[in-house]
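Here are some short exercises on charged side chains. Try each task yourself before you read its solution.

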Amino acid sequence: MGPVRVTSIASLTPLEQLDDDPFLVDSRSQYAMCARWAAERGYVVARELLVRALRPDHDALWDGVLPGRDLFVAPSRRVLESALASVEEFTDECLRRGVRVETVNDAEPSYDAEMKARVHRRLSMPTAGYDGR
């Protein structure tokens, strides 16, 4: 049947919210948290979604998802609350389709001024080829 395929869900949060909620803005850290979680379990991250208030029945969520083979993971409930229009409807839809949804629930990184500046540069200069390192 093959390895469990993971769809990582991150929140698309505007850069303007960086000072108020840096983790929700920092999709790279959200994806990294999900990737570590998947690797610890021997799963493969097959897709990364960056969304905000997405409907639980949206095709972007379900494209190619197979019951028993695929699962969704997000760093936390609050990321899901930002990424999806309704977490309850999404979890109900996952149950209906036989697809698991998990949250990592590790501690979020603490952001100092330097970390926020790196996130800001990475997100504000993507067309210049800057990758935030």
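**Exercise 1.** Is Glu-102 buried, partly exposed or exposed?

*Solution.* Keep in mind that you're working with a predicted model. Start with the number: Glu-102 has a relative accessibility of 27%. Next, recall the cut-offs: buried means under 20%, and exposed means over 50%. Glu-102 therefore counts as partly exposed.

**Exercise 2.** Which residue forms a salt bridge with Glu-102, and how far apart are the closest N and O atoms?

*Solution.* First, the general idea: side chains of opposite charge can pair when their charged atoms come close. Now look for the partner, which is Arg-100, with the closest N and O atoms 3.2 Å apart. A salt bridge needs the nitrogen within 4 Å of the carboxyl oxygen, so this pair makes the cut. Arg-100 is partly exposed too, at 40% relative accessibility.

**Exercise 3.** Which residues are linked with Arg-78 in a network of salt bridges?

*Solution.* Take the contacts one by one.

- Step 1: Arg-78 meets Asp-21 in a salt bridge at 2.7 Å, N to O. Arg-78 sits in helix α4 and Asp-21 in the loop between β1 and α1, so this pair ties together parts 57 residues apart in sequence.
- Step 2: Arg-78 also forms a salt bridge with Glu-108, with 2.8 Å between the closest N and O atoms. Glu-108 lies in the loop between β4 and α6, 30 residues apart from Arg-78.
- Step 3: Put them together, and Asp-21, Arg-78 and Glu-108 make up the network.

For exposure, Arg-78 comes out at 29% and Glu-108 at 31%; Arg-78 is partly exposed, and Glu-108 is partly exposed.

Definitions and conventions: Residues numbered from 1 in each chain as written. Predicted model: local features only at pLDDT ≥ 70, side-chain atom pairs only at ≥ 80, totals over all residues. Heavy atoms only, no water. Salt bridge = Lys/Arg side-chain N within 4 Å of Asp/Glu carboxyl O. Helix = DSSP H or I, 4+ residues; strand = E, 2+ residues; numbered from the N terminus. Buried < 20%, exposed > 50% of the residue type's maximum accessible area, 1.4 Å probe, protein only.
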